[in-house]
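The paragraphs below lead through one protein model and its ligand. Keep the sequence and the 3D view at hand while reading.

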Amino acid sequence: MERSWLLEMKSNRVFSSLIPIQLVMRVFRFLLLTLMVLISLSRDTNGQSFYHEQYRPQIHFSPREHWTNDPNGMVYYKGLYHLFFQYYPGSSVWGPMHWGHAVSKDLIHWKQLPIALYPDSLGFIFSGSAVVDTHNTSGLGSASNPPLVAIFTSHDPKKQRAHALDYENESIAYSLDGGMTWKKYAHNPVLKNPGITDFRDPKVFWFAAEKKWVMTLATRDRVTFYSSKNLTQWKRESDFGADRGAHGGVWECPDLFALQDHGKTVWVLIVNLNPGGPNKGSATQYFIGHFDGHHFITSQTETRWVDYGPDDYAGVTWNHTGSRKIFLGWMSNWLYANQVPTTRWRNAMTFPRELSIIHVGGVPYLASTPVPEIRLIEEKPWTASRVEVSGGLDLATLTAGVQFPCLLKISLEQAADLSVVLSNSKGEKVVIGYDPAAKQYFIDRRNSGKTDFQKDFSSLDTAPRISTSKDLSLTLIIDKSSVELFGDKGLTVMTELFFPNTPYEKIEIKSEEKRVVRQLEYVPLKSIW
Ligand code: FRU
């Protein structure tokens, strides 16, 4: 009895110790299978892994495959930053536009989700915005489950081909599950074209003072403001810009928002322009002024650019981020976006930037700086004070090696000549620097590698220094095929692409005369993929 009891106990023991073994085996098999699926998903038929191709941005969002242009529908809701984007899933060149979709908890790491909006009988899904309809003004959700509403342009290519004027109209879609799935509104379009050939890119925000929605719409060579109590019926308020700003091309993707400036509210109107940018092609200009719910008024007479480089376009800001204003642009230019030498995917977004106002000589300017969340991918920084530079200083000799992507911060006691050279063993290079005689920042990519895929790509680009302060500071975000320069705490910004034949591996700091760099910081950045 005792024995059998013992045996039973034993066999139970054996049995119970068998369970974990079987379980472990099963879990192991399951993990192995998942791993194999993941590996096969992350590799194409040639075995090359996704997100690690030669020119693939490592710290910028790009779609896993195929074409993207403008960021769209950027909205923050329940802890997630939604990023929709102009997307053509059929190829790596522009085509019938969809809204692709990605989400992030921290603005840095992105997860691509299924396509949010597909073309329909009204046309392609062009650029637009998204809002949280907190008070359910649209009636598309409920008080307890407010809808997210996307407002976009329906672009009808058939009507356009037939030379009709009204081929662009504004439509909406809504989501009742926090932006994961979308339904088109049954009575689209909600704003009909009055006969203007370019009538697109609605950016909508809640104007709390009058409890109404305001839409900023690009209407050919100006912006038109509309308002609505319910997102479905829109009233024209006013026009701005026919006699202001740069007009080298068509106005696109506008955005209007308030920023705090020493306790006062200032209004910033962003207007994208293509072509006619300061360094050819596409670029983003801005106006600082006042908005009373009906009219935008500014005393600004000169043209100002959010980013002077050629590769930041169609940028707008996230909705519903409180007092923070976060800007994201498309990191390309319509001059060559369809020809840049990547095939599996084409184009990416800029690094997200936080906007603020900085005064120079009593005049308010818009400044952009990388969002502080960048710290999430920062590896151990290397810093030094009072570093002497004469001729060229190979950063790797100080830091024991450099890697891309990385962050580089340089401050000088005087706004003197200085350049940063990224290069490879083939002698291909990008030179980024400051020219004190011309009071200009510059980026020279004429000998950067592949440049002949389009005639305008090989360029020496410049940007005025806006700051008048004696000392100068530079922050560079360097990725596999891009550099973003933030001069003087973001008063002058330049974004540029490059495509070396073999990866850059060297960073040099150069100066014609002997200079002392007050503070030098090099920070390797971790890939987000
Ligand atoms: C800007 C733009 C928008 C338009 C979209 C089409 O880059 O031309 O005006 O909505 O791209 O993809």
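Which residue in E6 does Ile125 stand opposite? The model shown is a predicted one. In it, Ile125 stands opposite Ser154 of E6. E6 covers residues 148-155, and 7 bridges join this strand to E5, the two running antiparallel.

The pair belongs to an open sheet of 4 strands. Read across the sheet, the order is E5-E6-E7-E8, and the pairing is antiparallel. The edges are formed by strand E5 (124-132) and strand E8 (183-184), each of which pairs on one side only. At the E8 edge, 2 bridges join E8 to strand E7 (residues 168-175), again in antiparallel fashion. One position to look for there is Ala173, whose bridge partner in E8 is Lys184. At the other edge, E5 is mostly covered, with 9 of its 9 residues buried.

E5 also leads to the ligand. Along with strand E1 (66-77) and strand E9 (199-207), E5 supplies at least two residues of the shell around the ligand. Which residues surround the ligand? They are Asn69, Asp70, Gln86, Trp94, Met97, Phe126, Ser127, Arg200, Asp201, Glu252, Tyr313 and Trp334. Sorted by class, this shell has 5 nonpolar, 3 polar and 4 charged residues.

Three side chains in the shell can be picked out by their distances to ligand oxygen atoms. An N or O atom in the side chain of Asp70 is 2.7 Å from an oxygen atom of the ligand. For the side chain of Arg200, the distance from an N or O atom to a ligand oxygen is 2.7 Å. For the side chain of Trp334, the corresponding distance is 2.8 Å. On its own the ligand has 320 Å² of accessible area, and the protein covers 96% of that area.

The next stop is the loop between E8 and E9, where Asp198 has its place. Is Asp198 buried or exposed? Asp198 has a relative accessible area of 14%, so it counts as buried, the cut-off for buried being under 20%. Apart from neighbours within four places in sequence, Asp198 is in contact with Tyr167, Glu168, Ala218, Thr219, Arg220 and Val250. Tyr167 is 31 residues from Asp198 along the chain, and the C-alpha atoms of the two are separated by 8.4 Å. The side chains of Asp198 and Thr197 are joined by a polar contact of 3.5 Å.

Two further buried residues lie in strands. His101 is part of strand E3 (residues 98-104). Its relative accessibility is 0%, and therefore His101 counts as buried. The side chain of His101 makes a polar contact of 2.9 Å with the side chain of His82. Beyond neighbours within four places in sequence, the contacts of His101 include Leu83, Phe84, Lys111, Pro114 and Gly179.

Leu355 sits in strand E21 (residues 353-360). With a relative accessibility of 5%, Leu355 is counted as buried too. Leaving aside neighbours within four places in sequence, Leu355 contacts Phe257, Leu259, Thr317, Lys325, Phe327, Leu366, Ala367 and Ser368. Ile326 is 29 residues away from Leu355 along the chain, with 6.2 Å between the C-alpha atoms of the two.

The last features concern the backbone. Most residues other than glycine have a negative phi, and most peptide bonds are trans. Where does this model depart from that pattern? A cis peptide bond, with omega of about -5°, joins Asn188 and Pro189. Pro189 is placed in the loop between E8 and E9, the loop that also holds Asp198. A cis peptide bond also joins Phe404 and Pro405, with omega of about 10°. Pro405 is found in the loop between helix H3 (395-399) and strand E24 (406-412).

As for phi, Arg220 is not a glycine, yet its phi is positive, at about 65°. Arg220 is found in the loop between strand E10 (212-219) and strand E11 (222-228), and is among the contacts of Asp198. At 43% relative accessibility, Arg220 counts as partly exposed. Arg386, likewise not a glycine, has a positive phi of about 50°. This residue lies in strand E23 (residues 382-394). Arg386 is exposed, its relative accessible area being 52%.

Key. Residues numbered from 1 in each chain as written. Predicted model: local features only at pLDDT ≥ 70, side-chain atom pairs only at ≥ 80, totals over all residues. Heavy atoms only, no water. Pairing = 2+ DSSP bridges. Near = heavy atom within 4 Å. Polar contact = N/O pair within 3.5 Å; in protein donor to acceptor, adjacent residues only side chain to side chain. Areas by Shrake-Rupley, 256 points an atom, 1.4 Å probe, with all protein chains shown as cover. Nonpolar A, V, L, I, M, F, W, Y, C, P; charged D, E, K, R; others polar. Buried < 20%, exposed > 50% of the residue type's maximum accessible area, 1.4 Å probe, protein only. Contact = heavy atoms within 4.5 Å.
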